[in-house]
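Biologist: Could you pick one spot in this predicted model and take me through it closely? Once we know that spot, I would be glad to follow the chain outward from there.

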Amino acid sequence: MKKIFYILVSGLILISSSSCSDFLDVVPDDVPRIDNAFTLRSEAEKYLFTCYSYMPRHASPTGNPAFLAGDEIWVTTSYRDRVGAASWRIANGEQNAGNPYSDYWRGNNVPDMYQAISDCNIFLENIDKVPDMTYEEKNRWIAEVQFLKAYYHFTLIRSYGPIVIKDINVPINAPTEDIHPHRQTLDSCFNYVTELLDKVIASTDLPDRVSNEAEELGRITKAIAYAIKAEVLVFAASDLYNGNRDYKDIKDNRGIAIFSPDKSDTEKKARWADARNACRQAIDFAHGLDYKLYYYTDPEFATASDSIKTKLNIRNAVTLKWNTEVIWGNSNQWGSSNSVGTTLDLQGWPRGLDPTKGGNTTYAGNHGVTMKVAEQFYTRNGLPIDKDNTWDFANRFNIRTSTVRDGLYIYNGYKTAEFNFDREPRYYADLGFDGCIYFGFGNYYGAPTYPTHTTPLYVQAKSGQPASSIINTSFNVTGIWPKKLVNFKSSIGANSGWTCEIYPWPVVRLSNLYLYFAEALNEAEDSEAARLEAIEYLNRIRERAGIPDVATSWETYSTEPTKHKSQVGLREIIRRERLIEMAFEGCRFWDLRRWKQCVNLMNAPITGWTLEGDTPETYYIERQIAYQVFQLKDYFWPIYKDELYSNPNLVQNYGW
């Protein structure tokens with residue numbers, strides 16, 4: 001394939017200020033010149049750290065647009081301004097070409113992916129010069145950096161569509177045609193990334209998984225490469241990227257339609273077949289290394305109820321360090337101002353949750369889950385709330401008093417909305433809401449070997465109650481919290497804030513691969529055999545989530561008992577399952593885009609509870625907080641206008 005060159009702007013190595021992992025926890029003290037960076041192994045290792053240091057800030061709500069630029073979590077303008085959450089401006093319809101937010105092309109609010117790729121290229125061009133390294137170790141480092149180079153290109157493709165492929169760096173004095181590259185076609189971009197990943201997978205020096213967990217967790221492995229290849233090919237097969245004719249008129253000055261719009265149905269299906277095959281390979285490889293869906297088995301909770309264990313299954317799959325399900329955990333966030341511990345954990349629990357302790361941090365609990373996302377969770381029968389013939393959808397905002405039967409999910413005797421009753425375990429594991437039992441924070445209710453309160457901690461969020469919006473510059477704007485992201489061993493201090501149990505961000509979980517595989521199976525082939533295999537993988541996730549299998553749910557309790565028996569019907573089921581299982585993990589933002597559903601689902605009101613209400617009757621009224629607008633142009637980021645001026649061969653994305 002033709003290689004596109006790009007200018008190397010500096011002869012210096014640019015060092016990021018954040019560390020990368022336990023292994024990558026040393027950032028060079030100075031900025032070495034290229035001519036001495038590869039004279040010794042110790043210097044080359046610093047350069048390896050540099051290549052890792054550009055890793056996208058997966059766990060940062062200010063550094064990862066998937067958190068605040070979508071419709072899962074909404075915040076107040078005061079919170080946005082205080083923490084510098086530029087990505088929220090994207091959700092609010094303020095993206096622009098004059099100064100794009102979360103701009104990976106040039107590193108505005110997020111890491112600069114082209115600088116990252118430049119440093120990867122420098123490493124790959126020079127690593128053979130290092131004298132005091134073994135052949136095997138060099139090859140391992142090469143494979144790691146090739147993976148990073150592929151992943152950084154994919155990060156750009158996901159945001160911009162067709163990009164400039166930066167296969168090698170070009171000297172400053174190169175001919176004009178080399179320093180003014182074109183964007184390649186979308187298909188060429190995806191092919192380039194998968195070719196790089198295939199090279200990594202073929203490497204015999206890259207470990208299948210890390211063996212020295214104390215020193216190497218966070219480094220790239222073959223299992224990670226298989227998983228990301230599967231993800232890349234799922235994106236390549238999805239509607240936004242696979243023969244999308246919405247952008248057929250975007251042509252560069254060569255007359256090339258860079259979005260690769262002209263595809264037959266057969267060609268589109270072939271993309272899905274590639275994705276299916278890659279997912280199967282990734283899953284089989286992971287299974288061979290004993291990766292498996294996480295289940296809580298710690299004997300210290302042996303006496304806990306089944307409902308608590310189910311909630312632990314769900315929450316710990318995300319927040320338990322290096323559990324059996326996490327194929328790639330990015331520990332880049334540890335110890336930085338954008339770490340899981342100082343953002344997602346702190347903002348996911350209600351301030352005033354434990355009114356008996358004085359350590360309730362002032363600026364806590366600001367991440368508000370939107371009503372539309374709370375609605376997406378199933379009933380206890382494993383169905384959408386408007387499809388379950390045993391669940392009263394029309395009266396979901398009526399008031400109901402909880403009983404002992406509800407006591408492990410909702411505080412006994414508490415008045416709350418019907419909306420919160422008889423939902424699936426993931427609803428109670430993932431969400432905090434008025435009246436809910438908040439398992440965790442030193443309050444291990446139902447586990448007598450741990451400290452307990454006389455009564456369990458539960459959220460009291462109506463006006464005047466401990467978790468209500470008592471600070472006008474810091475509050476939860478919807479009245480619903482993303483409890484899923486809070487480690488259950490984090491605790492509220494008696495006098496000084498909270499103690500956070502940090503964890504590496506799960507970039508890829510095995511359940512994520514199962515869902516990709518189910519989707520690819522259903523899309524690649526319209527057959528009963530494909531649907532049955534897809535449903536098998538859905539059922540593995542549903543069993544862990546504590547709900548019935550697909551057939552039982554839809555055939556026994558639903559208003560559409562045959563929905564799962566058609567390709568279109570199963571597509572909707574798979575997508576809903578994915579939105580629930582992967583909620584608040586940065587997936588919905590990209591999934592709705594690749595499915596081309598944003599124009600339909602994100603042109604809608606952002607709503608929550610009426611926070612000023614001090615009684616159930618006045619609190620449980622749905623109120624509009626904002627109206628989100630999503631246009632066709634918003635599927636892809638604009639290229640910064642000055643880039644177009646400096647390189648006349650670039651063409652702007654649609655609508656910008």
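**A charged pair and its surroundings**

Modeller: Let's start at glutamate 581, which is buried, with a relative accessible area of 6%. Please keep in mind as we go that this is a predicted model. The partner of glutamate 581 is arginine 544: the two form a salt bridge, and their closest N and O atoms are 3.3 Å apart. Arginine 544 sits in helix α18 (residues 528-545) and glutamate 581 in helix α20 (residues 567-581), so this pair ties together parts of the chain that are 37 residues apart in sequence. Arginine 544 also counts as buried, at 2% relative accessibility. The pair does not stand alone, since salt bridges with shared partners join Glu325, Glu424, Arg426, Lys484, Arg509, Arg542, Arg544, Glu577, Glu581 and Glu585 into one network.

Several members of that network lead us on to other elements. Take Arg509: it is the residue of β12 that is the bridge partner of valine 326. Strand β4 (residues 326-330) and β12 run antiparallel and are joined by four bridges. Strand β12 itself (residues 505-509) is mostly covered, with five of its five residues buried.

Glu424 and Arg426 take us in another direction, to phenylalanine 377, which touches both of them. Setting aside residues up to four places away in sequence, phenylalanine 377 also touches Ile385, Arg423, Tyr427, Asp430, Leu431, Ile580 and Ala583. This aromatic residue lies in the loop between α15 (371-376) and β6 (399-401), and at 0% relative accessibility it counts as buried. Although phenylalanine 377 and arginine 423 are 46 residues apart along the chain, their C-alpha atoms are separated by 7.4 Å.

The α15 region has a salt bridge of its own. Glutamate 375 pairs with arginine 396, the closest N and O atoms being 3.9 Å apart. Here the pair links helix α15, home of glutamate 375, with the loop between α15 and β6, where arginine 396 is found, 21 residues apart. Both glutamate 375 and arginine 396 are buried.

How many salt bridges are there in the whole model? The count comes to 45. One of them gives a nice contrast with our starting pair: aspartate 246 and lysine 596, with closest N and O atoms 2.9 Å apart. Aspartate 246 is in the loop between α11 and α12 (265-288), and lysine 596 is in the loop between α21 (588-594) and α22 (598-601), so this salt bridge ties together parts that are 350 residues apart in sequence. Aspartate 246 is partly exposed, with a relative accessible area of 33%, and lysine 596 is partly exposed too, at 27%.

Which other charged residue deserves a look? Lysine 222 is buried yet has no salt bridge. The nearest side chain of opposite charge belongs to aspartate 208, and it is 4.3 Å away. Instead, let me point you to serine 203, whose backbone oxygen lies 2.9 Å from a polar atom of the lysine 222 side chain. Lysine 222 is part of helix α11 (residues 222-237). Beyond its neighbours within four places in sequence, lysine 222 is in contact with Ile201, Ser203, Leu206, Pro207, Asp208 and Phe285.

A smaller polar residue makes a good companion case. Serine 490 belongs to the loop between β9 (480-482) and β10 (491-492), and counts as buried at 0% relative accessibility. Its side chain makes a polar contact of 2.8 Å with the side chain of aspartate 345. The serine 490 side chain also reaches the backbone nitrogen of glutamate 501, at 3.0 Å. Between serine 490 and isoleucine 502, 12 residues apart along the chain, the C-alpha atoms are separated by 8.4 Å.

If you were wondering about covalent cross-links, a search of the whole structure finds zero disulfides. Why does cysteine 120 not form one? Its sulfur is 4.1 Å from the closest cysteine sulfur, in cysteine 51, which is too far for a bond. Cysteine 120 is buried at 0% relative accessibility, and cysteine 279 is likewise buried at 0%.

Stepping back to the whole chain, the secondary structure comes to 24 helices and 14 strands. Buried residues make up 62% of the 656 residues. Among contacts between residues at least 6 apart in sequence, 72% join residues at least 24 apart.

Conventions:
Residues numbered from 1 in each chain as written. Predicted model: local features only at pLDDT ≥ 70, side-chain atom pairs only at ≥ 80, totals over all residues. Heavy atoms only, no water. Disulfide = S-S within 2.5 Å. Buried < 20%, exposed > 50% of the residue type's maximum accessible area, 1.4 Å probe, protein only. Helix = DSSP H or I, 4+ residues; strand = E, 2+ residues; numbered from the N terminus. Lys, Arg positive; Asp, Glu negative; His and termini not counted. Salt bridge = Lys/Arg side-chain N within 4 Å of Asp/Glu carboxyl O. Polar contact = N/O pair within 3.5 Å; in protein donor to acceptor, adjacent residues only side chain to side chain. Contact = heavy atoms within 4.5 Å. Pairing = 2+ DSSP bridges.
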